[in-house]
2 protein chains.
Amino acid sequence: MACQPDDQDLFCDVPMIHEEAVRRVFGLLPRENRTEGLAELFKVFGDPTRVRILQSLRHSELCVCDLSALLAMSQSAVSHQLRILRGARLVRNRREGRVIYYSLMDDHVKTILDVGSEHLAEEAESKR
Amino acid sequence: MACQPDDQDLFCDVPMIHEEAVRRVFGLLPRENRTEGLAELFKVFGDPTRVRILQSLRHSELCVCDLSALLAMSQSAVSHQLRILRGARLVRNRREGRVIYYSLMDDHVKTILDVGSEHLAEEAESKR
DNA sequence: TTGATACATGAACACATATTCATATGTATG
DNA sequence: CATACATATGAATATGTGTTCATGTATCAA
């Protein structure tokens, strides 16, 4: 935790080999807001249960008890995770009587899962 | 933790309203391997420091001390995070004397960050 | 070889998080 | 209204994770 390389002071206790590059990149970085938001978003994707839920909803709208049976998990655990997915606007829900149906919010969710899968595939390929 | 809805037994202690859909989706789900791998991958994106590193490397190859100065963090903390990014094959590194330069591994990293940003943008829009 | 520089890493601690358990909310049915 | 059903949620606990601190490794210079 030295100092922020702003316009006035770029001299830290940390050695800095490429001052120009650092200054330039610092100017190009998005606001901290956005960084924090991105991390929060990906954190939601970073749990096997939630990924499993998203993969399931990708193929069909499902209610909570369906997901519970499908994932072999307690209804409570599923509900807790659905709450987090809702918070990140990755899923939407609609009520029909006592049953609440969940589905994916939009195509971003699919895209993110796909690009992630691609990366894993190439990763496996590069290990050979 | 009831039972897995495999071909032989789909009857759990959890109520299952849409048995057909559940069976169908179960057949379409990827192997657990892949789910776990995806979650592990996104977990790496799920930390502000690591996102910040990736956003930085997106614009320029940088060495550890550059990143340390840029992010105003200790060299140790940055190194620990770089290790995790390397493990997920999100960054590559090359040595030049005592200095080690890091850069993004491939375009998947950029794409994932971009799609995430898009989602956040639309999320903000939908809140209005 | 000795010292300095750039980076990596193990241990420890503080903090976050996923599941379980118990209970609450909301909706249909009788 | 009372009951059953589908889902949500608060509290507690166990496990995971990021940073710091101290130390180790690798490279260059003298």
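These legends walk through several close-up views of a predicted model in which protein chains A and B meet DNA strands C and D.

**Figure 1. How confident the prediction is along chain A.** Let us start with the model itself, which is predicted. Chain A has a mean pLDDT of 90, and 88% of its residues reach 70 or more. Residues 1–11 of chain A are a stretch to view with care, with pLDDT below 50. Beyond near neighbours in sequence, this stretch has 25 contacts in the model.

**Figure 2. Where chain A and chain B meet.** How many residues does each chain bring to the contact? Chain A gives 70 residues, and chain B gives 70 residues as well. The size of an interface is often given as the accessible area lost when the parts come together. For chain A and chain B, the buried area is about 6,100 Å², and carbon and sulfur atoms give 66% of that area. Between the two chains, the rule finds 20 residue pairs in polar contact, with both residues at pLDDT 80 or more. The rule finds zero salt bridges across this interface.

**Figure 3. The side of chain A that touches chain B.** Look here for the elements of chain A that each supply at least two residues to this side. Among them are the helices α1 (19–28), α2 (32–45) and α3 (48–59), and the strands β1 (62–63) and β3 (99–104). Which element gives the most? That is α6(A), with 13 residues; this helix covers residues 107–126. Sorted by class, the residues on this side of chain A are 37 nonpolar, 18 polar and 15 charged.

**Figure 4. The protein surface near DNA strand D.** Around DNA strand D there are 29 residues, and the closest are Ser76(A), Tyr102(A), Thr49(B), Ser76(B) and Gln81(B). Both chains take part: α4, α5 (75–87) and β3 of chain A, with α3 (48–57) and α5 (75–87) of chain B, each supply at least two residues. The largest share, six residues, comes from α5(A). By class, this surface holds eleven nonpolar, ten polar and eight charged residues.

**Figure 5. Phosphate contacts on DNA strand D.** Which parts of the strand come within 4 Å of the protein? Of those atoms, 62% belong to sugar or phosphate, and the rest belong to bases. Three residues can be picked out beside phosphate oxygens of this strand. For Tyr102(A), a polar side-chain atom lies 2.6 Å away from one. In the side chain of Thr49(B), an N or O atom is 2.7 Å from a phosphate oxygen. With Cys65(A), a backbone N or O atom lies 3.0 Å from a phosphate oxygen.

**Figure 6. The protein surface near DNA strand C.** Now turn to the other strand in these views, DNA strand C, which has 30 residues around it. Those that come nearest are Thr49(A), Ser76(A), Gln81(A), Ser79(B) and Tyr102(B). Sugar and phosphate make up 63% of the strand C atoms that come within 4 Å of the protein. The residues of this surface divide into twelve nonpolar, ten polar and eight charged.

**Figure 7. Phosphate contacts on DNA strand C.** From chain A, a polar side-chain atom of Thr49(A) lies 2.6 Å from a phosphate oxygen of strand C. The side chain of Gln81(A) also has an N or O atom 2.6 Å from a phosphate oxygen. From chain B, an N or O atom in the side chain of Arg83(B) is 3.1 Å from a phosphate oxygen. The elements that give two or more residues to the surface near strand C are α3 and α5 of chain A, together with α4 (64–71), α5 and β3 (99–104) of chain B. Which helix has the largest share? It is α5(B), with six residues.

Key:
Residues numbered from 1 in each chain as written. Chains lettered and ligands numbered in written order. Heavy atoms only, no water. pLDDT = per-residue confidence, 0-100. Contact = heavy atoms within 4.5 Å. Buried area = accessible area lost by both parts, 1.4 Å probe. Salt bridge = Lys/Arg side-chain N within 4 Å of Asp/Glu carboxyl O. Polar contact = N/O pair within 3.5 Å; in protein donor to acceptor, adjacent residues only side chain to side chain. Helix = DSSP H or I, 4+ residues; strand = E, 2+ residues; numbered from the N terminus. Nonpolar A, V, L, I, M, F, W, Y, C, P; charged D, E, K, R; others polar. Near = heavy atom within 4 Å.
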